[in-house]
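Subject: A structure for you to explore

Hi there,

Here is the structure I promised to pass on to you. Please open it beside this email, and then read on for what turned up in it.

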Amino acid sequence: MNYADLFRVTLPETALEIASLLVLVVDLAFLRKAALQTRVMSAVLLGVIGCGAALLALPFQAFGGLKYPGSVDVMLSAGGYTSIAQVGILTLTVLTLFLLVGADFTQHVGEYVAVVLMAATGGLLISAAQDLLVIFVGLELLSLGLYILTAFAKKSGKSAEAAIKYYLFGGMSAAFLLFGFSYLYGLSGSTNLHRMLLGLYRPHAAEMAPLLYVALVMIAAGLGFKVAAVPFHLWAPDTYEGAPAPAAAFIASVSKVASFALLIGISTAALHLFDGMHGRVYVSVGFHSQPGPVYLGFRNAWNEILIVLALASMVLGNLAALGQTSVRRLLAYSAIAHAGYILLGLAFFSYSSQSAQAILYYILTYGLTTIGAFGAVAVVERAGGSDRMDAFLGLVKRNRLLAAVMLVLFLSLAGIPPLVGFWAKFNLFAAVLRVYPAGAGLGMVALAVAMSAVSLYYYLQVLKRVFVMPAVDETPVKANAVTMGVLVVTALAVVVLGCLPGLLQSWMAGFYAGM
């Protein structure tokens, strides 16, 4: 490994960092006295150009990723699930940047866009990380950006409250995560995921099992916070409600894609542990009874933890959403429930790429839909000063296009065919049943389907106010042209990908070809 190799692998991250610095220089040095909307458009366009440059740099990454000196082990991966997640992160970042146009929560637009790009850089690192230290650095780079973005509405007390809660919970989760990582290093003697898992194959493995279980619980706490899994979800409702709408959209989409890409990397490393050593050895997962190497218990214990988190998140997230009157908080509890569905796919992860592709399909389409949902909520909030459900009364008469967008997005979140949300759930649950078609697998999928039916009720509560209940104030709801364009494009993408589900699946399969 040398600096040239490091530069080739981190070309997308480098492009984003250069763009973030350029945004600051242009905004603070050349446009300081310009009109606010001029500064916003300039910062957003530079941010979008930076994301575009990062996307163009992805194919030029070093083949096989960045390896340790004199070793075949990878520190930063490239291709496969990593590239899919990175494309998703950059695309969703572009959409959240466009939501800034027309927003009025801050005068410091250059700093805001720069922080967004730096946080996205952390997301790219997390998606590729195969080393515990790189994982931690990437998570902190992403997390620090999210804390700042949450607090960017300086005139809002809710924004400040949400930011401090998010920061305190995040600092605690980082401590748990690092504590768990230190135990794993002590048990295995390596920070590389592959070497760490190999280091757990020892004749005296049973003697180390208690320490491993403590480590796994600590890591589950740290990573569970990042994806807002129960019981590490307490920050999510306040953060989604208090953060500026573009920042909340970024938190709900980009950070989730990065965090779940990391969890896919951990599961992939565990199942492909012996690839290239003595041929391909099938390693059993979860409750599978197929023969395979048995060791300290990372895989089985980890999967059992994921099942508990998935079960709690699906149930509590959906039930808590039923009583919400704030649409932002409703979307927060909905996000907790969706995290539970994805954790279910991780708990029953397959040796082939089917599970990884199903999870990526789910999180990418969920992120796309959530950005649109927060954009729609932001438009209504700016018009009426509230995100309460009653603020959406009679929206169909006040802005028909916005009402149509909300219909598509909320029905997709509920998993109604032929929208893309239905295919996301179908693929994910089918992947679970392929790994374990009976017993625990079947029972968990049945529960997930039942909870999806529950979610339909609270999504319809919002749409009922939009389309059925009369408006108290029939003043038209006006939206910025750029914001409305983003919402329409998002809704059209949800419809097209739902009617042609093979488009996204074929695109993802191309990243696995030849691997």
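Let me start with a single residue, S259. Is it buried or exposed? S259 is buried, because its relative accessible area is 5% and anything under 20% counts as buried. Please keep in mind throughout that this is a predicted model. You will find S259 in helix α11, which covers residues 245-271. Leaving aside residues up to four places away in sequence, S259 touches K226 and V227. For a sense of distance, try picking out S259 and L393 together: they sit 134 residues apart in sequence, and their C-alpha atoms are 36 Å apart in space.

Next, have a look at the surface. Which residues form a nonpolar patch there? They are I164, Y167 and L168, and together they have about 320 Å² of accessible area. L168 belongs to helix α7, residues 157-188. With a relative accessible area of 53%, L168 is exposed, because the cut-off for that word is over 50%. The numbering of the patch may remind you of a general point: an α-helix has 3.6 residues a turn, so residues three or four places apart point the same way.

Now for the charged pairs. How many salt bridges are there? The count comes to eight, and three of them are worth a visit.

- D238 and K165: the closest N and O atoms of this salt bridge are 3.0 Å apart. D238 is in helix α10 (residues 235-242) and K165 is in helix α7, so the pair ties together parts that lie 73 residues apart in sequence. D238 is partly exposed, at 21% relative accessibility, and K165 is also partly exposed, at 27%.

- E241 and R329: here the side chains meet in a salt bridge at 2.9 Å, N to O. This pair links distant parts of the chain, with E241 in helix α10 and R329 in helix α13 (residues 327-347), 88 residues apart. Both E241 and R329 are buried.

- E381 and R328: this salt bridge also has an N to O distance of 2.9 Å. It connects distant parts of the chain, since E381 is in helix α14 and R328 is in helix α13, 53 residues apart. E381 is partly exposed, with a relative accessible area of 22%, whereas R328 is buried, at 4%.

Some of these bridges share partners. Which residues do they join into one network? The members are K158, E161, K165, D238, E241 and R329.

Finally, follow helix α14 from end to end. This helix runs over residues 354-384, so you can count 31 residues in it. From its first C-alpha to its last it reaches 45 Å, close to the 45 Å expected at 1.5 Å a residue. How much of helix α14 is covered? Mostly covered is the answer, as 26 of its 31 residues are buried. Just after helix α14 comes G385, and the phi of G385 is positive, near 80°.

A nice way to begin is to find S259 in helix α11, and then to trace the pair D238 and K165.

Enjoy looking around, and write back with any questions!

Best wishes

Methods
Residues are numbered from 1 along each chain as its sequence is written. This is a predicted model: local features need pLDDT of at least 70, side-chain atom pairs count only at pLDDT 80 or more; totals for chains, interfaces and linings use all residues. Side-chain values use heavy atoms; hydrogens and water are left out. Patches are made of residues with over 30% relative accessible area and no salt bridge: like charges are joined within 9 Å, nonpolar side chains (Val, Leu, Ile, Met, Phe, Trp, Tyr) within 5 Å. Accessible areas come from the Shrake-Rupley method with a 1.4 Å probe; for residues, only the protein chains shown count as cover. A salt bridge is a side-chain nitrogen of Lys or Arg within 4 Å of a carboxyl oxygen of Asp or Glu. Helices (H or I, at least four residues) and strands (E, at least two) are DSSP runs, numbered from the N terminus. Buried means under 20% relative accessible area, exposed over 50%, partly exposed in between (1.4 Å probe, protein chains only). Contact means heavy atoms within 4.5 Å. The expected span of a helix is 1.5 Å times one less than its number of residues.
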